[in-house]
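Here are some worked exercises to try with a structure viewer open. Read each task, have a go yourself, and then follow the solution step by step.

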Amino acid sequence: MRPAHLPLTASAVVSSAVSRRSVLAGLTGAGALTLLGTGTASAHGSGDPSGRAPGDTQLIRAFPGAETERLRLDRSLRASEFVPTGRYAAPGAQVTVRIRAGRGALPVLHIGTFDDYNENQALKAPRVFPLRAGRNTVSDVYGGPVYLSFAGHGEQAAVTFVSGTARMAGFELGHTTEADFQRQLDTVTDVPWVELTTEHTILTLTREGALLYRGEDHAALLRLFDTIIGSHNRISGLDGSKPLNRPKAGRYHFNEVSVVPKGVGAYAWHGFNGFPRAYMDRLCTVQGLLTRGWGLYHELGHLNQQAAYQAGGLTEVTVNIYSLAAQRTLGRPSNLLTEDATTGLNWFQSAAPKVGTPGIAYETTFGPYEQLVPLRQLELAFGDDFWPRLHQLVRTEHQHDAPVEDYDHDPAVEARQYRALSTYASRVSGYDLTDFFVRKWAFPVDATGIAEIAALRLPAPPVDPSSLSD
């Protein structure tokens, strides 16, 4: 994950204004794309096979913003709150939009993509343009894909793109045919970005990146993205059983980026997952994402990690609870069963001789995959619903944890987070797990944490979880 960057905000230049008024009746869908046939711009390609009329007006309904959702879910990172528009603004273009909205919140316009390691500070994140009711004219020197956000609770708005934008080549699951998408790739050659979307996914690619694997079945690819997101929701206990357990509002954003540091295959930060061109063979192909997509499962996992027990030493470990869940959902073999080429042992086998021996320390004795083993052993010991139940319990009790950059590597916070992991695990399992965490795996649970578990007065588990393996 990356250090924080302040949002880049530009004020909208208003060319004329009208009083706020009620939006057209019948606006539907939380951030859904609904096009009205009120303009002359064509839909993607030569026709829209969904039967919806092409047009310039997008009807949207507000949903809880990224920080509101981060707090509800007790996550360390904010996920996306973007509503895709399928539009592109050229560098310096005068973009004019008209907003019709009821009382309360108003949409915000964003131009550009995420590129967190870009040397140009202005290109690290989309530029932000607050809007007001009526006519707004904005301009961005760099240009890029155009998005909306609309944080609120069901407020409605109509956004009309009057001038200054062009349609991107795009594929919307359930509405665009493969043939139409291929026509767009052939005809929309002057827009440098391509975007593929579902109700849960935004996949933003450079045109060059999209063309590398244009022969894929893009509906199958997008369904696979949604399946992976669904696997993360299930392991997070987001079953809709009550408001706290609803899946995140809006979509997840997967963004091609221009550069990553040496040794970094992909990354996660507030609002998105970033993938360089070198990852396109997995990001943009069905077989690659299915069989070699651990990097994406992992980076998406960072957007699901809960802050209550994400100590710095666990950041690259608890994230793989979600990666393993994706593998199981997709019917793929577990990475924990991968054999080391040197030893011929899988990660359960290589860790076992060290577990419970004198002088060990969880963060330094065990390698990254070995550190994941005890988290999987908790599922093996206490059921597939162990992590879903733990996530749900955490959401019930922790809704005000700070984002990751506010506490990363603070020793006092890390001690609290390790205590939280061990005590929550004991409560969810119904057993005293002091021996498992402290004596067997040597997690740095301090005396306060040991006392907190003891105060629960739970029995010892009937089976030693540290003895279990897939």
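**Exercise 1. Follow a histidine into its surroundings.**
Find the side chain that makes a polar contact with H218, and describe the setting of H218.

*Solution.*
Step 1. The side chains of H218 and E178 are joined by a polar contact of 2.9 Å. Please keep in mind that this is a predicted model.
Step 2. Next, look for the element: H218 belongs to helix α4.
Step 3. Check the exposure. The relative accessible area of H218 is 4%, and buried means under 20%, so H218 counts as buried.
Step 4. List the neighbours. Leaving aside residues within four places in sequence, H218 is in contact with F171, E178, F181, Q182, L196 and Y213. E178 therefore appears both in this contact list and as the polar partner of H218, within the 3.5 Å limit for such contacts.

**Exercise 2. Describe helix α4 from end to end.**
Work out how long α4 is, how its ends look and how far it is enclosed.

*Solution.*
Step 1. Helix α4 has 18 residues, and from its first C-alpha to its last it reaches 26 Å, close to the 26 Å expected at 1.5 Å a residue.
Step 2. At the N-terminal end, D217 acts as the cap: one of its side-chain oxygens lies 3.2 Å from the backbone nitrogen of A219.
Step 3. Past the other end, just after α4, G237 takes a positive phi of about 70°.
Step 4. Now count the cover. Of the 18 residues of α4, 15 are buried, so the helix is largely enclosed by the rest of the structure.

**Exercise 3. Build the sheet and add its helices.**
In what order do the 6 strands of the open sheet run, and which helices pack on the sheet?

*Solution.*
Step 1. The order is β12-β13-β14-β15-β17-β16, with mixed pairing.
Step 2. The edge strands are β12 (169–172) and β16 (267–269), each of which pairs on one side only.
Step 3. From one strand to the next, the twist averages 15°.
Step 4. Zoom in on one pair: β15 (residues 252–256) and β17 (residues 272–275) pair in the parallel sense over 3 bridges. Here F254 stands opposite N273 in β17.
Step 5. Place the first helix. Helix α4 (residues 218–235) packs on the sheet, where it touches β12, β13 (193–197), β14 (201–206) and β15, and its direction makes about 130° with that of β14.
Step 6. Place the other helix. Helix α7 (residues 294–302) also packs on the sheet, touching β15, β16 and β17; the direction of α7 makes about 150° with that of β17.

**Exercise 4. Explore a tryptophan in the sheet.**
Is W193 buried or exposed, and which residues does W193 touch?

*Solution.*
Step 1. W193 lies in strand β13.
Step 2. With a relative accessible area of 15%, W193 is buried.
Step 3. Not counting residues up to four places away in sequence, W193 touches Y88, T113, P145, M168, A169, T204, L205, T206, R207, N255 and E256.
Step 4. For a distance check, take G209, which is 16 residues from W193 along the chain: their C-alpha atoms are separated by 8.9 Å.

**Exercise 5. See what covers helix α12.**
Which elements do the buried residues of α12 pack against?

*Solution.*
Step 1. Helix α12 (residues 386–397) has 12 residues and reaches 17 Å from first to last C-alpha, close to the 16 Å expected at 1.5 Å a residue.
Step 2. This helix is mostly covered, with 9 of its 12 residues buried. Among them are F386, W387, H391 and R395.
Step 3. The buried residues of α12 pack against α1 (66–73), α4, α8 (315–329), α11 (368–382) and α13 (411–429).

**Exercise 6. Inspect two backbone angles.**
Where do D74 and A442 lie, and are they buried or exposed?

*Solution.*
Step 1. D74 has a positive phi of about 55° although it is not a glycine. D74 lies in the loop between α1 and β4 (83–89), and at 2% relative accessibility D74 counts as buried.
Step 2. A442, also not a glycine, has a positive phi of about 55°. The loop between α14 (434–440) and α15 (447–455) holds A442, which is buried with a relative accessible area of 13%.

Key:
Residues are numbered from 1 along each chain as its sequence is written. This is a predicted model: local features need pLDDT of at least 70, side-chain atom pairs count only at pLDDT 80 or more; totals for chains, interfaces and linings use all residues. Side-chain values use heavy atoms; hydrogens and water are left out. Two strands pair if DSSP finds at least two bridges between them. Helices (H or I, at least four residues) and strands (E, at least two) are DSSP runs, numbered from the N terminus. Axes are lines fitted to C-alpha atoms, for helices over the stretch in contact, and angles run from 0 to 180 degrees between N-to-C directions. Contact means heavy atoms within 4.5 Å. The expected span of a helix is 1.5 Å times one less than its number of residues. Buried means under 20% relative accessible area, exposed over 50%, partly exposed in between (1.4 Å probe, protein chains only). A polar contact is a pair of N or O atoms within 3.5 Å; within protein, one must be able to donate a hydrogen and the other to accept it, and residues adjacent in sequence count only if both atoms are side-chain atoms.
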